[in-house]
Amino acid sequence: MAKTVLITGGSRGIGRATAVLFAAKGWNIAFSFVGNQESADETCAMCERVGVTGNVISRKCDVRNEEDVIALFQSARDRFGSIDGVVNNAGIVAPQSTLADMDIERMKTVFDTNVLGAYLVAREAARALHSGTAIVNVSSVAAKLGSPGEYIDYAGSKGAIDTLTKGLAKELGPMGIRVNAVRPGIIETDIHASGGRPERIAELGPVCPLGRAGEPEEVAQSIFWLISNDASYVTGSIVDVSGGR
Ligand code: NAP
């Protein structure tokens with residue numbers, strides 16, 4: 001029987017590339033989006049093109065909303081039975097700013113989405129998963145760089161994801177559930193434009209040790225490996241997928 005992965009934020013970017021890779025590997029996909037129905041439909045079409053017909057469902061879910069998150073997990077179980085992997089991916093940045101200029105509403109939105117939202121998703125994953133399954137949290141190299149002058153709220157929110165990964169791996173290890181994280185660097189997605197700086201990719205890609213920005217598909221490969229049984233003895237690990245940044 002095909003395994004099932006649940007991915008938050010699968011309508012675009014890293015989440016979409018991850019959904020398509022899992023579909024190509026024969027998995028069922030349950031993914032969420034928050035507002036972009038058109039992109040979600042496109043991800044569904046891409047998954048169906050490379051996978052098995054009927055292998056994908058999408059659901060609108062704001063990770064900041066507990067009821068939405070619970071319903072997302074329930075819809076995956078209703079459609080596919082058990083859940084075998086969770087990719088805790090949905091996340092945002094806000095426009096570039098120093099901390100001195102950040103207003104509280106912006107900081108609340110970033111922390112509610114990237115920390116509270118990710119913790120809610122991880123909590124539901126801990127309730128839903130069974131022995132032999134895995135969670136991958138999507139952090140960022142911002143967690144270790146600090147993102148001065150850009151968004152240190154975002155960097156701090158990703159530091160919380162690294163800590164979540166370490167703690168939850170220890171809680172769930174005895175149950176046979178692995179928990180790891182990836183820390184992407186500069187990856188070619190919409191997130192930079194959402195933060196008001198689409199040119200960030202062209203500026204920062206060439207100064208990475210590998211000399212370029214990464215593709216979402218390159219992050220998806222690491223996520224797939226960490227969820228798969230090929231990583232059966234890996235837990236509590238944080239894998240940088242950052243071109244050396
Ligand atoms: P993206 O292209 O902007 O896509 C963001 C995804 O998250 C979309 O599917 C979006 O849904 C969803 N989303 C946003 N707010 C949400 C909410 N409140 N509830 C549920 N879903 C929500 O971003 P990305 O670059 O792929 O980023 C994915 C993850 O990688 C994030 O956690 C990000 O912090 C991390 N990351 C990215 C980079 C990079 O350079 N791209 C680097 C390091 C880490 P809609 O389509 O409906 O808006």
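1. Three helices frame the ligand: α1 (13-24), α6 (152-172) and α7 (191-194) each supply at least two residues of the shell around it. Helices here are DSSP runs (H or I, at least four residues), numbered from the N terminus. This is a predicted model: local features need pLDDT of at least 70, side-chain atom pairs count only at pLDDT 80 or more, and totals for chains, interfaces and linings use all residues. Residues are numbered from 1 along each chain as its sequence is written, and side-chain values use heavy atoms, with hydrogens and water left out.

2. The shell holds 32 residues (a heavy atom within 4 Å of the ligand). Ser-11, Arg-12, Asn-89, Tyr-154 and Thr-189 come nearest. By class, the shell has 13 nonpolar, 14 polar and five charged residues. Gly counts as polar in this scheme, and Tyr and Cys as nonpolar.

3. Backbone atoms make polar contacts with the ligand (N or O pairs within 3.5 Å). A backbone N or O atom of Val-34 lies 2.9 Å from a ligand oxygen. For Gly-185, a polar backbone atom is 3.1 Å from a ligand oxygen. For Cys-61, the partner is a ligand nitrogen, at 3.5 Å. Taken alone the ligand exposes 910 Å² (Shrake-Rupley, 1.4 Å probe), and the protein buries 95% of that.

4. The whole structure has 15 salt bridges (Lys or Arg side-chain nitrogen within 4 Å of an Asp or Glu carboxyl oxygen). One of them joins Glu-66 and Arg-123, N to O at 2.8 Å. Glu-66 lies in α3 (residues 66-80) and Arg-123 in α4 (residues 104-128), so the pair ties together parts 57 residues apart in sequence.

Definitions and conventions. A polar contact is a pair of N or O atoms within 3.5 Å; within protein, one must be able to donate a hydrogen and the other to accept it, and residues adjacent in sequence count only if both atoms are side-chain atoms.
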